[in-house]
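Here is my note on the structure for you, set out as numbered points. Keep the 3D view open and look up each residue as you read.

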Amino acid sequence: MEEIINKVANSALEVFDLEDYYPKGMHVQIDISQWLLEGFLLKEKDFREHLKNHDWSQYQDQYVAVYCSTDAIIPAWALILVGVHLAPFAKKVVNGTIEDLDASLYEELLSKIDYSVYKGKPVIVKGCSRKPVPMRAYILATNYLQPFARSIMYGEACSAVPLYKESKK
């Protein structure tokens with residue numbers, strides 16, 4: 001019987017797994033519609049009172065997305081004011097959903113990676129993840145890898161989809 005050889009493990013293929021960069025810590029979102037009259041109308045005095053009485057310390061060292069789940073028209077100052085209350089506690093505050101928050105975190109993280117280690121190598125951007133990696137992070141990672149990698153694929157080594165191949169010079 002022939003020995004089974006793992007060709008993927010023996011190849012020069014580099015795996016770029018975005019899940020490895022997922023920021024540790026709680027990722028939460030605050031729906032400000034809870035502080036609006038019937039979820040739609042912002043009455044400044046009441047809104048400020050709700051913010052004043054809210055326990056902001058529960059967001060200590062968390063990543064927070066601030067959004068409104070209703071079609072209410074929210075003045076910019078209201079979202080900024082929520083951010084002001086969160087600033088002493090949260091690691092990061094963004095306007096939007098959890099996906100927007102994760103995309104913002106990945107934008108920061110991916111911009112700090114040294115991609116030169118992938119110079120001239122075939123790279124596979126791992127597609128399956130147990131953590132919520134937003135599509136924007138995959139696109140951004142691929143854009144950062146492209147000037148360095150010989151080729152870029154997406155997915156798993158057994159079923160990768162080619163995305164980019166360096167042109168012959």
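1. Strands β3 and β4 run parallel and are paired over four bridges. Within this pairing, V64 stands opposite V93 in β4. Please keep in mind that you are looking at a predicted model.

2. Follow β4, residues 92–95, one side chain at a time. K92 and V94 point to one face and are buried, while V93 and N95 point to the other face and are not buried. This fits a general pattern: in a regular strand, side chains alternate between the two faces of the sheet.

3. Now stay with V64, which lies in strand β3. Is V64 buried or exposed? It is buried, because its relative accessible area is 0%, and the cut-off for buried is under 20%. Leaving aside neighbours within four places in sequence, V64 is in contact with V28, I30, Y59, L86, A90, K92, V93, V94 and L101. Another residue to find from here is M26: it is 38 residues from V64 along the chain, yet the two C-alpha atoms are separated by 8.3 Å.

4. V64 also belongs to the largest nonpolar core, which has 18 residues. The members that touch the most other members are W35, F47, W56, V64, V82 and L86. Two or more residues each come from β2, α2, β3 (63–67) and α3 (76–86). Which element gives the largest share of this core? That is α3, with four residues.

5. Have a look at F47 as well. Not counting residues up to four places away in sequence, F47 touches W35, L36, L42, W77, A78 and V82. Two of these partners, W35 and V82, are also on the list of core members that touch the most others.

6. There is a second, separate core, made of 17 residues. Among them are L18, V123, Y138 and L145.

7. V123 brings us to strand β5, residues 122–126. How many of the five residues of β5 are buried? Five of the five are, and the strand is mostly covered. P122, I124 and K126 point one way, V123 and V125 point the other way, and all are buried. Compare this with β4, where K92 and V94 are buried but V93 and N95 are not.

8. Strand β5 has a partner in β1, residues 14–16: the two pair in the parallel sense over three bridges. Here V15 has I124 of β5 as its bridge partner. Strand β5 also runs parallel to β6, residues 151–155, and five bridges join them. In that pairing, the bridge partner of V125 is Y154 in β6.

9. Next come the salt bridges, and the count is seven. One of them joins the side chains of K121 and E14, at 3.6 Å from N to O. This pair links distant parts of the chain: K121 is in the loop between α4 (98–110) and β5, E14 is in strand β1, and they are 107 residues apart. Both ends are partly exposed, with a relative accessible area of 30% for K121 and 26% for E14.

10. Another salt bridge is formed by the side chains of R136 and D100, at 2.9 Å from N to O. What does this pair tie together? R136 lies in helix α5 (residues 135–145) and D100 in helix α4, so the pair ties together parts that are 36 residues apart in sequence. R136 is partly exposed at 42% relative accessible area, and D100 is partly exposed at 29%.

11. For a pair within one helix, turn to E44 and R48, whose side chains meet in a salt bridge at 2.9 Å from N to O. Because they are four residues apart in helix α2, E44 and R48 are separated by about one helical turn. E44 counts as partly exposed at 41% relative accessibility, and R48 is partly exposed at 40%.

12. Last, please visit the surface. L37, F40 and L41 make a nonpolar patch of about 300 Å². Of these, L41 is placed in the loop between β2 (27–31) and α2 (44–53). L41 counts as partly exposed because its relative accessibility is 47%, whereas exposed would need over 50%.

Key
Residues numbered from 1 in each chain as written. Predicted model: local features only at pLDDT ≥ 70, side-chain atom pairs only at ≥ 80, totals over all residues. Heavy atoms only, no water. Patch = residues over 30% accessible without salt bridge, like charges linked within 9 Å, V, L, I, M, F, W, Y side chains within 5 Å. Areas by Shrake-Rupley, 256 points an atom, 1.4 Å probe, with all protein chains shown as cover. Salt bridge = Lys/Arg side-chain N within 4 Å of Asp/Glu carboxyl O. Buried < 20%, exposed > 50% of the residue type's maximum accessible area, 1.4 Å probe, protein only. Core = buried A, V, L, I, M, F, W, Y, C linked by side-chain atoms within 4.5 Å. Contact = heavy atoms within 4.5 Å. Pairing = 2+ DSSP bridges.
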